[in-house]
Amino acid sequence: LSTALFADKVLLIEGPSERVLFEKVLEETNPTYELEGGYILEVDGIKFKPYYKVLNALDIITIVKTDNDLKAKSNEKTHFDLIGFNRCLELVGMTKKEFVEIDYSTIDENGKKVWPVSNKERLVKEEKRDIYQTEEETIETLESKDIYLSEIDLEHDLYEAIGDRMKKILKSSNPIEYLQRAKMLNMLKLTQDLTATDCSTIIEHDLFKALKRLVD
């Protein structure tokens, strides 16, 4: 934070995987971004609010990039809070959204109700995409305030930008799952082989507008 206080623009990110990727992209596309007043700051997970508050109070342009997280309520497994979306809304004083209901239960061969994790993962992912699409107007408002929400998460955003290259570099038919198994280690492996063209494709992609904003 002490270094960020002297920047003109600060991009707040969740953690080291984002840092590894974004620094690689900027190394290839805008290597002098720090000299020009840009800075990337990790917030230790999802603790954006105190950093955002301090930087904004100093009139530093503060950009946020965060995942579209959903979290099941502890007392009701079919009710999911929009914690990623609401994280963004809270930063700019907008009204938070209510929970969504996702019933991922099914009936097994014995007629018993079960809650498969695979069903949960699939339906939660579908819900995240639906939120991103149906809340388009609100997301545009957030982006006008330099708050950027992933459609799902960093790995899915990256796949949208350079999916075929991810498959080739990681030698995997499912590079999203591959990255998520060991995020930091496998992100390092991926970025080592990203070309200048790959990096240009990433920063120009609509889902990486936060990164582009840092160097505009």
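The paragraphs below lead from the whole chain to a set of paired strands, and then to two individual residues.

The model is a predicted one, and its chain holds 10 helices together with nine strands. The radius of gyration of the chain is 18 Å, close to the 17 Å that the globule rule gives for 216 residues, so the chain is as compact as a globular protein of that length. Along the principal axes, the C-alpha trace spans about 65 × 45 × 30 Å. Of the 216 residues, 47% count as buried, while the chain exposes about 11,400 Å², of which carbon and sulfur atoms supply 47%. When contacts between residues at least 6 apart in sequence are considered, 64% of them join residues at least 24 apart.

A good place to start looking at the detail is a group of strands. Strand 4, which covers residues 71–73, pairs with strand 5, residues 76–81, in the antiparallel sense over three bridges, and the two are joined by a hairpin that passes through two residues. Within this pairing, K71 stands opposite D81 of strand 5. Strand 5 also pairs with strand 6, which is made of residues 100–101, again in the antiparallel sense but over two bridges; here H79 has E101 in strand 6 as its bridge partner. Strand 5 is thus paired with strand 4 and with strand 6.

From these strands the reader can turn to helix 4, residues 117–134, where E127 is found. Which residues does E127 touch, leaving aside its neighbours within four places in sequence? They are L70, V100 and I102, and V100 lies within the residue range of strand 6. E127 is buried, yet this residue has no salt bridge, and the nearest side chain of opposite charge, that of R122, is 11 Å away. The cut-off for a salt bridge is 4 Å between a side-chain nitrogen of Lys or Arg and a carboxyl oxygen of Asp or Glu.

A residue in another setting is N110, which is found in the loop between strand 7, residues 106–107, and strand 8, residues 113–114. Is N110 buried or exposed? Its relative accessibility is 66%, and because exposed means over 50%, N110 counts as exposed. The C-alpha atom of N110 is separated by 46 Å from that of Y148, although the two residues are 38 apart along the chain.

Key. Residues are numbered from 1 along each chain as its sequence is written. This is a predicted model: local features need pLDDT of at least 70, side-chain atom pairs count only at pLDDT 80 or more; totals for chains, interfaces and linings use all residues. Side-chain values use heavy atoms; hydrogens and water are left out. Two strands pair if DSSP finds at least two bridges between them. Helices (H or I, at least four residues) and strands (E, at least two) are DSSP runs, numbered from the N terminus. Buried means under 20% relative accessible area, exposed over 50%, partly exposed in between (1.4 Å probe, protein chains only). Lys and Arg count as positive and Asp and Glu as negative; His and the chain ends are not counted. Contact means heavy atoms within 4.5 Å. The radius of gyration is taken over C-alpha atoms; the globule rule is 2.2 Å times the number of residues to the power 0.38. Accessible areas come from the Shrake-Rupley method with a 1.4 Å probe; for residues, only the protein chains shown count as cover.
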